[in-house]
Amino acid sequence: MKITVNGSSHEIDAPEDMPLLWAIRDRLKLTGTKYGCGVAQCGACTVMVDGQPKRSCVTSLKFVTDAEITTIEGMDGDEFQAIQNAWRAIDVPQCGFCQSGQVMTATALLKEKPAPSDTDIDNALAGNICRCATYVRIRQAVRDAADKLEA
């Protein structure tokens, strides 16, 4: 199978029903995308597929052969930089396990809604579980990133 990840084409010897997560982590050795629950409930495995956040643990390779896949390692752009800077500025991560999924989803939100309300932020990130419960800091970081982009 051929997939495009972070702008590079990769030929992967894998069954078409293999979850994208395992192709990314095990075959391409891109370990920023995490395995959390395996049933698309926690958000740790979030990647971008054609610019939209998708749960890679339940997305089979056969559904992404013609798509552009971006992992946390391949993220760039103003929204991503603003999110990354805000995350660091207020020390959002504790254990860090959920962070790549949180950052991917928050970046997608800012691309769609440059000035999100708290409700927008909460709704967008509702499917991303943080075991350390840093939700207040996550929301604040998204607000701060949006403010920096508006300035």
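Asp-120 is partly exposed in this predicted model, at a relative accessible area of 22%. Its side chain meets that of Lys-113 in a salt bridge, with N and O 3.1 Å apart. Lys-113 also counts as partly exposed, here at 33% relative accessibility. This pair belongs to a total of three salt bridges, and the other two bring in helix α5.

Take Asp-118 and Arg-143: their salt bridge has its closest N and O atoms 2.7 Å apart. Asp-118 sits in helix α4 and Arg-143 in helix α5, so the link spans distant parts of the chain, 25 residues apart. On the surface scale, Asp-118 comes out partly exposed at 33%, and Arg-143 is likewise classed as partly exposed, at 26%. Then there is Asp-122, which forms a salt bridge with Arg-139, the closest N and O atoms being 2.8 Å apart. Because Asp-122 lies in helix α4 and Arg-139 in helix α5, this pair ties together parts 17 residues apart in sequence. Relative accessible area is 34% for Asp-122, which makes it partly exposed, and Arg-139 is partly exposed at 22%.

Now for the domains. The domain assignment splits the protein into domain 1 (2-74) and domain 2 (78-150), and their C-alpha centres lie 21 Å apart. The contact draws 17 residues from domain 1 and 12 residues from domain 2. About 1100 Å² is buried between domain 1 and domain 2, with carbon and sulfur atoms giving 64% of that area. No salt bridges turn up across the interface of domain 1 and domain 2. What the interface does have is five residue pairs in polar contact. On the side of domain 1 that touches domain 2, the elements giving two or more residues are β3 (46-49) and β4 (52-55). Strand β3 provides the largest share of that side, three residues. Sorted by class, the side of domain 1 that touches domain 2 holds seven nonpolar, eight polar and two charged residues.

Past β4, two residues in the loop leading to β5 deserve a look. Thr-59 lies in the loop between β4 and β5 (68-70), and Ser-60 is placed in that loop too. Thr-59 is buried because its relative accessible area is 15%, under the 20% cut-off. Its side chain reaches the backbone oxygen of Arg-55 at 2.7 Å. Leaving out neighbours within four places in sequence, Thr-59 is in contact with Met-18, Pro-19, Leu-20, Lys-54 and Val-64. Ser-60 is buried as well, with a relative accessible area of 14%. With residues up to four places away in sequence set aside, Ser-60 touches Glu-16, Asp-17, Met-18 and Pro-19.

Backbone angles add a couple of oddities. Most residues other than glycine have a negative phi. Lys-29, though, has a positive phi, near 60 degrees. Lys-29 lies in the loop between α1 (20-27) and β3, and it is exposed, with a relative accessible area of 60%. Ala-133 also has a positive phi, of about 60 degrees, without being a glycine. The loop holding Ala-133 runs between α4 (118-125) and α5 (135-150), the helices that carry Asp-122 and Arg-139. At 52% relative accessibility, Ala-133 counts as exposed, because the cut-off is over 50%.

Notes:
Residues are numbered from 1 along each chain as its sequence is written. This is a predicted model: local features need pLDDT of at least 70, side-chain atom pairs count only at pLDDT 80 or more; totals for chains, interfaces and linings use all residues. Side-chain values use heavy atoms; hydrogens and water are left out. Domain bounds come from an automatic or database domain assignment. Contact means heavy atoms within 4.5 Å. Buried area is the accessible area (1.4 Å probe) that two parts lose on being put together, summed over both. A salt bridge is a side-chain nitrogen of Lys or Arg within 4 Å of a carboxyl oxygen of Asp or Glu. A polar contact is a pair of N or O atoms within 3.5 Å; within protein, one must be able to donate a hydrogen and the other to accept it, and residues adjacent in sequence count only if both atoms are side-chain atoms. Helices (H or I, at least four residues) and strands (E, at least two) are DSSP runs, numbered from the N terminus. Ala, Val, Leu, Ile, Met, Phe, Trp, Tyr, Cys and Pro count as nonpolar, Asp, Glu, Lys and Arg as charged, and the others, Gly among them, as polar. Buried means under 20% relative accessible area, exposed over 50%, partly exposed in between (1.4 Å probe, protein chains only).
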